[in-house]
Amino acid sequence: MIKNGPGKIVSMALKNLFMKPATIEYPNGKLHIADNYRGKLTYNAENCTGCGLCVRNCPAGAIKIVNEGTKTDRKMKASLNIGRCIFCGQCVDSCPRGCLSCTQNITLSSLSKDELEVQL
Ligand code: SF4
Ligand code: SF4
């Protein structure tokens, strides 16, 4: 015996016609992102000592830290390759100075591979 005959399909189609969509219109829809979501990183250069722990512990080789100043007058810069980053949060956990944190920024796509290397 066939349980899902044409009548059942039509009634399901009619029911779904008046239901709220399960999807969200992008980019205009309001998306709920969890507070502890691991999106794009942010970096606080002021507290960075350049110890390199974040770079060493990154499993994807996605983060770079450079000192563009001198030993006595540091100008720390961080860059992230969004195409490589797996958003694991290991660098955030590794930093002894709390310089790195995850944001809820999820709009990271790009049409150009070069644009995936970003300054933090
Ligand atoms: S979140 Fe993970 S993959 Fe991305 S830079 Fe940090 S350690 Fe590397
Ligand atoms: S682990 Fe923290 S203090 Fe060390 S280089 Fe990375 S961001 Fe800077």
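**View 1. Phenylalanine 87, a partly exposed residue in a loop.** In this predicted model, phenylalanine 87 has 16 C-beta neighbours inside 10 Å, so it counts as partly exposed. A buried residue would need 20 or more such neighbours, and an exposed one would have 12 or fewer. To find phenylalanine 87, look in the loop between β3 and α3 (90–94). Its backbone is worth a second glance too: the phi angle of phenylalanine 87 is positive, at about 55 degrees, although the residue is not a glycine.

**View 2. The surroundings of ligand 1.** Here you can see the 13 residues around ligand 1. Those that come nearest are Cys58, Cys85, Cys88, Gln90 and Cys91. Sorted by class, this shell holds eleven nonpolar residues and two polar ones, with no charged residue.

**View 3. The surroundings of ligand 2.** Ligand 2 is likewise surrounded by 13 residues. Cys48, Cys51, Cys54, Cys95 and Cys99 are the closest. The shell around ligand 2 is made up of eight nonpolar residues, four polar residues and one charged residue.

**View 4. The largest nonpolar core.** In soluble globular proteins, nonpolar side chains tend to be buried together. The largest nonpolar core of this model has 15 residues, and those touching the most other members are Cys54, Ile63, Leu80, Cys91 and Leu100. Three elements each give two or more residues to this core: β1 (41–43), β2 (63–67) and β3 (76–81).

**View 5. Leucine 80 and its contacts.** Move in on leucine 80, one of the core residues that touch the most other members. Which residues is leucine 80 in contact with, leaving aside its neighbours within four places in sequence? They are Leu41, Ala62, Ile63, Cys85, Val118 and Leu120.

**View 6. Stepping back to the whole chain.** The protein has three helices and five strands. Starting at the N terminus, the elements follow the order α-β-α-β-β-α-β-β. The protein is more spread out than a compact globule, because its radius of gyration is 23 Å, well over the 14 Å that the globule rule gives for 120 residues. Its C-alpha trace spans about 80 × 25 × 25 Å along the principal axes. Of the 120 residues, 12% count as buried. Among contacts with a separation of 6 or more, 68% join residues 24 or more positions apart.

Conventions
Residues are numbered from 1 along each chain as its sequence is written. Chains are lettered from A and ligands numbered from 1 in the order in which they are written. This is a predicted model: local features need pLDDT of at least 70, side-chain atom pairs count only at pLDDT 80 or more; totals for chains, interfaces and linings use all residues. A nonpolar core is a set of buried Ala, Val, Leu, Ile, Met, Phe, Trp, Tyr and Cys residues joined through C-beta atoms within 7 Å. Helices (H or I, at least four residues) and strands (E, at least two) are DSSP runs, numbered from the N terminus. Two residues are in contact if their C-beta atoms, placed from the backbone, lie within 7 Å. A residue is near a molecule or strand if its C-beta atom, placed from the backbone, lies within 6 Å of it. Ala, Val, Leu, Ile, Met, Phe, Trp, Tyr, Cys and Pro count as nonpolar, Asp, Glu, Lys and Arg as charged, and the others, Gly among them, as polar. The radius of gyration is taken over C-alpha atoms; the globule rule is 2.2 Å times the number of residues to the power 0.38.
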